[in-house]
Every structure is written in structure tokens, then in C-alpha cells.
Amino acid sequence: YQRRVHGRCKKYYAQGCRFMKYKVMVELEYGMPYSAAFREELNKMALCASICQDNGLCPLVKPQDFTNTSYNIEKTAEVAENSISLMIEALLHQGVIFEGMLLQPHMIAPGFECKEQKTAQ
């Protein structure tokens, strides 16, 4: 995995690219954003961000969004806060320089399958 990402970063940099995006996407069940699969994706994302920086690219990091769930807005906010905390831990562990990356946050909203959809009103 590392060799493949490193090779892609070198290739993209040579072609003029200066940013690279990695988005965490894991199928989640209610209350399960702390699973081993989710943590593994966060670790891969952090490793990819570190490799990007080593190759002169600015990583664009996008945390998991929870739109494909049945979470209400309060549960989405709780889970998003915890998952972003875990993501930051993974980025720190990999030695990612925060001043040299972009974080693309998402809006907190109830999941599409949530029965109580709130509006701006």
C-alpha cells in the first residue's frame, strides 16, 4: 500500500498536482463508528496524508460523513466529533504537519434514513 501511494504521489507531483484527497468511507451501523474497520481506514488516511507531504503534496483530508445512516442530528454530532478526534489522533501518530494539510469538514445533519428530519425553520 505504502509503495503504491508513494509512487502515485511522485507521478502526480511530476504532472503538476499539488493536492491529494483522501476520504474515509466505511459502512456504519448505528453506534459503530469505532469499529476496527473504521480505525483502519483512519490509519490508512493518515498514512496517505503523511506520504503526500513527504512527496510535496498537500493532503486534503475529509472525515467520514454520516448521511447514509439513520442517526438523528444529535447522534450525528456526537459520532462526528468522536470520529474527527480519532482522525486527528491518527494524523498526529503519522507525523502529519497540520499547517501543511487541508481539512474538508462536512455539515452535521440527520442521516437520510432518520425518521425525524429537521429543517432550518
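Where in the chain is Ser83 placed? Hold on to that one for a moment, everyone, and welcome. What you have above is a predicted model, so please keep that in mind as we walk through it.

The answer is that Ser83 sits in helix α3. I like to begin with this residue, and we will come back to it. First, let me give you the overall plan.

The chain contains 3 helices and 3 strands. If you read along the sequence, they come in the order α-β-α-β-α-β. Of the 121 residues in the chain, 39% are buried. And here is something about how the chain is put together: among contacts with a separation of 6 or more, 80% are between residues 24 or more positions apart.

Now to α3 itself. This helix has 21 residues, running over residues 73-93. From its first C-alpha to its last it reaches 30 Å, close to the 30 Å expected at 1.5 Å a residue.

Which residues of α3 are buried? They are Lys75, Thr76, Val79, Ala80, Ser83, Leu86, Met87, Ala90 and Leu91. Looking down the axis of α3, you would find these buried residues within an arc of 140°, so they line one face of the helix. If that spacing looks familiar, here is the background: an α-helix has 3.6 residues a turn, so residues three or four places apart point the same way. Over on the other side of α3, Glu81, Glu89 and Leu92 are exposed.

And what does the buried side meet? The buried residues of α3 pack against α2, β2 and β3.

Back to Ser83, as promised. Ser83 counts as buried because its relative accessible area is 3%, and buried means under 20%. Setting aside residues up to four places away in sequence, Ser83 touches Phe38, Leu42 and Phe66. Two of those names, Phe38 and Leu42, will turn up again among the buried residues of α2.

Right next to it in the sequence we have Ile84, also in α3. Is Ile84 buried or exposed? Neither, quite: its relative accessibility is 25%, so Ile84 counts as partly exposed. Ile84 and Lys62 are 22 residues apart in sequence, and their C-alpha atoms are 9.5 Å apart in space.

Let's look at the two ends of α3. At its start, a side-chain oxygen of Asn72 comes to within 3.1 Å of the backbone nitrogen of Glu74. After the helix comes Gly95, with a positive phi near 75°.

On to α2, which covers residues 36-54. Its 19 residues should span 27 Å at 1.5 Å a residue, and the end C-alpha atoms are indeed 27 Å apart. The buried residues of α2 include Phe38, Leu42, Met45, Leu47 and Ile51, and two cysteines, Cys48 and Cys52, are on that list too. What covers them? The cover over the buried residues of α2 includes α1, β1, β2 and α3. After α2 you will find Gly56, with a positive phi near 85°.

Now α1, over residues 2-14. It has 13 residues and reaches 18 Å between its first and last C-alpha, close to the 18 Å expected. Gly16 follows α1, and its phi is positive as well, near 105°.

Within α1, let me point out His6. At 35% relative accessibility, His6 counts as partly exposed. Leaving aside neighbours within four places in sequence, His6 is in contact with Ile51 and Asn55. His6 and Ser50 are 44 residues apart in sequence, yet 9.9 Å apart in space, C-alpha to C-alpha.

There is another histidine to visit: His106, in the segment after β3. Apart from its neighbours within four places in sequence, His106 is in contact with Pro63, Gln64, Asp65, Phe66 and Ala80. His106 and Gln64 are 42 residues apart in sequence and 8.5 Å apart in space, again C-alpha to C-alpha.

Last stop, the rings. How many aromatic pairs does the structure hold? The number is 0. Charges over rings are another matter. Arg18 lies over the face of Tyr13, 3.7 Å from the ring centre, and Lys44 lies over the face of Tyr1, at 5.5 Å from the ring centre.

That is the tour. Thanks for listening!

Terms used:
Residues numbered from 1 in each chain as written. Predicted model: local features only at pLDDT ≥ 70, side-chain atom pairs only at ≥ 80, totals over all residues. Heavy atoms only, no water. Helix = DSSP H or I, 4+ residues; strand = E, 2+ residues; numbered from the N terminus. Buried < 20%, exposed > 50% of the residue type's maximum accessible area, 1.4 Å probe, protein only. Expected span 1.5 Å × (residues − 1). Arc of directions from axis to C-beta. Contact = heavy atoms within 4.5 Å. Polar contact = N/O pair within 3.5 Å; in protein donor to acceptor, adjacent residues only side chain to side chain. Phe/Tyr/Trp six-rings, centres within 6.5 Å; stacked < 30°, edge-to-face > 60°. Lys NZ or Arg CZ within 6 Å of the ring centre and 35° of its normal.
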